[in-house]
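Here's a quick Q&A tour of side-chain contacts and strand pairing for anyone who likes to check geometry by eye. Pull up the model and follow along.

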Amino acid sequence: DDGLFTITAPSTYYADADTDDYGDPDDSVVAGSAPAGYVEDNTDCDDTNAAVNPGAAEVPDDGIDNNCNGVIDEDFCLNLNAGWNFVSIPKMVNGSNDAETVFDIGDYDLCEYYDVHEGRWLDLDEITVEPTRGYLVSKNNPEMLCLDFSDSPLFPSAQPVYAGDFNMIGFPSMDGMSVSDFKTATGLEFSMIMQWDSGYYSTGYMTTGRGYLIWPTANGSMPGMI
């Protein structure tokens, strides 16, 4: 019979013994299609544990490299979506605190911070990452950032906030709290507080890792730890 035949070039597939859809780079076969128990991905660092793979969240102090990034027990992980994110870091990071390093800013990524005192948006090379500040970070692709915290300084310095304009602040705490409790803990006086979720929205609850816009009704000081 005169028929049409499709010839498929063989590909390399990797064993997925723990069925987490991430394959073992050291256990592979070459085949025309994926055999049972094999996947195209080869980025699993522990194919015996479904909770350990590049898509998993890092769990501090458990002794395992949960997210397969080569570092065990980072203190904090932050999920960034593709597009704009309004974020903060709850403590000072270990190592360089420039925004390009902390937020892994690549060629198609952005990080922005508005300095109310200077009345301008800072250039990327001017932006330092501190717990008292909130940052707009735009990522070309989704990314999980896992960071280690610095042991020093134990108490990061406070940041002035200024009345009559929106201030981009961070949330320097590892535990969430209500806006009412946040006001009590910081002593800040403000009439409005907003977070970003594909647009700015008012909120009644503060969450670790988020950045916030506040409209102070009096000058004050944002503490480095609450």
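Two strands pair if DSSP finds at least two bridges between them. Keep in mind that this is a predicted model.

Q: Which residue in β3 does Y14 stand opposite?
A: Start with the strands: β1 and β3 (residues 38-39) pair in the antiparallel sense, over 2 bridges. Within β3, the residue opposite Y14 is V39.

Q: What is the bridge partner of Y13 in β2?
A: β1 also pairs with β2, in the antiparallel sense and over 4 bridges. On the β2 side, Y13 has as its bridge partner V29.

Q: How far apart in space are A17 and G37, C-alpha to C-alpha?
A: A17 sits in the loop between β1 and β2, and with a relative accessible area of 64% it is exposed. In sequence, A17 and G37 are 20 residues apart. In space, their C-alpha atoms are separated by 6.5 Å.

Q: Which residue in the loop between β1 (11-15) and β2 (28-31) has a positive phi although it is not a glycine?
A: We want a non-glycine residue with phi at about 50°. Its relative accessibility is 65%, over the 50% cut-off, so it counts as exposed. The residue in that loop is T19.

Q: What is the phi of S198, roughly?
A: S198 is found in the loop between β14 (190-196) and β15 (200-202). Its relative accessible area is 72%, so S198 is exposed. S198 is a residue other than glycine, yet its phi is positive, near 55°.

Q: How many aromatic pairs turn up in a search of the whole structure?
A: Rings of Phe, Tyr and Trp go into the search, and centres have to lie within 6.5 Å. Run over the whole structure, that gives a total of 9.

Q: Is the pair of F76 and F149 stacked or edge-to-face?
A: The ring centres of F76 and F149 are 6.0 Å apart, and the planes make an angle of 25°. Planes under 30 degrees apart fall in one class, and those over 60 in another. With 25° between the planes, the F76 and F149 pair is therefore stacked.

Q: How many residues apart in sequence are the parts that F76 and F149 tie together?
A: F76 belongs to strand β4 (residues 76-80), while F149 is in the loop between β10 (143-147) and β11 (159-161). Because of those positions, the pair ties together parts whose separation in sequence, in residues, is 73.

Q: Are F76 and F149 buried or exposed?
A: The cut-off for buried is under 20% relative accessible area. F76 comes in at 9%, and F149 at 12%. Both values fall under the cut-off, so F76 and F149 are buried.

Q: What class of aromatic pair do W196 and Y200 form?
A: Centre to centre, the W196 and Y200 rings are 4.9 Å apart, with 75° between the planes. W196 is partly exposed at 23% relative accessibility, and Y200 is partly exposed at 34%. Since planes over 60 degrees apart set the class here, the pair is edge-to-face.

Q: Which residue joins W196 and Y200 in a cluster of ring pairs?
A: W196 and Y200 already form an aromatic pair. Ring pairs link them into a cluster with F86.

Q: How far is K183 from the ring centre of F190?
A: This one is a charge over a ring, where the limit is within 6 Å of the ring centre. K183 lies over the face of F190, and the distance to the ring centre is 4.7 Å.

Q: Which residue forms salt bridges with both D109 and E143?
A: With D109, the closest N and O atoms are 3.0 Å apart, and with E143 they are 2.8 Å apart. The residue lies in strand β9 (residues 135-139), 30 residues from D109. At 3% relative accessibility it counts as buried. The residue in the network with D109 and E143 is K139.

Q: How far apart are the closest N and O atoms in the salt bridge of E126 with R120?
A: E126 is partly exposed at 33% relative accessibility, and R120 is partly exposed at 30%. The closest N and O atoms of their salt bridge are separated by 2.6 Å.

Conventions:
Residues are numbered from 1 along each chain as its sequence is written. This is a predicted model: local features need pLDDT of at least 70, side-chain atom pairs count only at pLDDT 80 or more; totals for chains, interfaces and linings use all residues. Side-chain values use heavy atoms; hydrogens and water are left out. Buried means under 20% relative accessible area, exposed over 50%, partly exposed in between (1.4 Å probe, protein chains only). A charge sits over a ring if NZ of Lys or CZ of Arg is within 6 Å of the ring centre and within 35 degrees of the ring normal. A salt bridge is a side-chain nitrogen of Lys or Arg within 4 Å of a carboxyl oxygen of Asp or Glu.
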